[in-house]
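User: I would like to go through the salt bridges here. Please justify each label.

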Amino acid sequence: MNYHIGLVEDDSNIQNIVSAYLKKEGYEITIMDSAEKGWELWENDPPDMWILDIMLPGMDGYEFCKKIRNESEVPIIIISAKDEEIDKILGLELGGDDYLTKPFSPRELIARVKRLFRRTLINNKVNEEDEDRLKVDHLLIYKNDRRIFFDGKEYEVTTKEYDMLLLLAENPNRAFSREELLMKIWGNDYFGSDRAVDDLIKRIRKKMGNIPLETVWGFGYRLRKEEE
């Protein structure tokens, strides 16, 4: 992947050195000498990472870091001539992911850039997997693949069976009326009897044995969740 890095630094020597090393590693670099220009880049072509100086003309790096972090979790490496502990803490508390004190080794910066991108890639993968995977006790649903597992066994389900299980699993312990289930699963333009809901629940129970689909008498159904 060809990552895009925004470098906000007003020292031309550091601009040249850092950009040369980053380009050599295959990164696309946009150099800016002020936070205001950095913000323009953010609004038009947001980079995948920021390398940010603290002492800048106009808006300083702390304020810029805070503004970016209010909108995104994009990785930010802060570089500064200041070596006071309070400056490091402030920079990280405002959302910086890493901190380098000038003068620094360009190779060390490259190592930290690579480490942050690896961490971001892993976190994104975990988040995607979490969004795809829905688990309620012994019921497991993989939404992207529309696969259903119960008690460790995979079951072939119809479209309506899947839609019903997904709805109930996304709202465990909530009681749905038959009318509400009819509307959500079959749609507003369905004119059949709400017996269709009872028949569908009956088929799921028959297929999956002791799945905890509870009848709320005189009202509808819910999926019971027990384990915390």
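The exchange below takes the labels one by one.

Analyst: This is a predicted model: local features need pLDDT of at least 70, side-chain atom pairs count only at pLDDT 80 or more, and totals for chains, interfaces and linings use all residues. Residues are numbered from 1 along each chain as its sequence is written, and side-chain values use heavy atoms, without hydrogens and water.

User: Why is the pair Arg115 and Asp98 called a salt bridge?

Analyst: The term requires a side-chain nitrogen of Lys or Arg within 4 Å of a carboxyl oxygen of Asp or Glu. The closest N and O atoms of Arg115 and Asp98 are 2.7 Å apart, so the pair qualifies.

User: What does the pair of Arg115 and Asp98 tie together?

Analyst: Arg115 sits in helix H5 (residues 106–132) and Asp98 in strand E5 (residues 98–101), so parts 17 residues apart in sequence are tied together. Helices (H or I, at least four residues) and strands (E, at least two) are DSSP runs, numbered from the N terminus.

User: Why does Asp98 count as buried?

Analyst: Buried means under 20% relative accessible area, exposed over 50%, partly exposed in between (1.4 Å probe, protein chains only). Asp98 has 9%, so it is buried. Arg115, at 46%, is partly exposed.

User: What makes Glu214 and Arg224 a salt bridge?

Analyst: Their closest N and O atoms lie 2.6 Å apart, so the criterion is met. Glu214 is in strand E11 (residues 213–216), and Arg224 is in the segment after strand E12 (220–223), ten residues apart.

User: How many salt bridges does a search of the whole structure find?

Analyst: The search finds 17.
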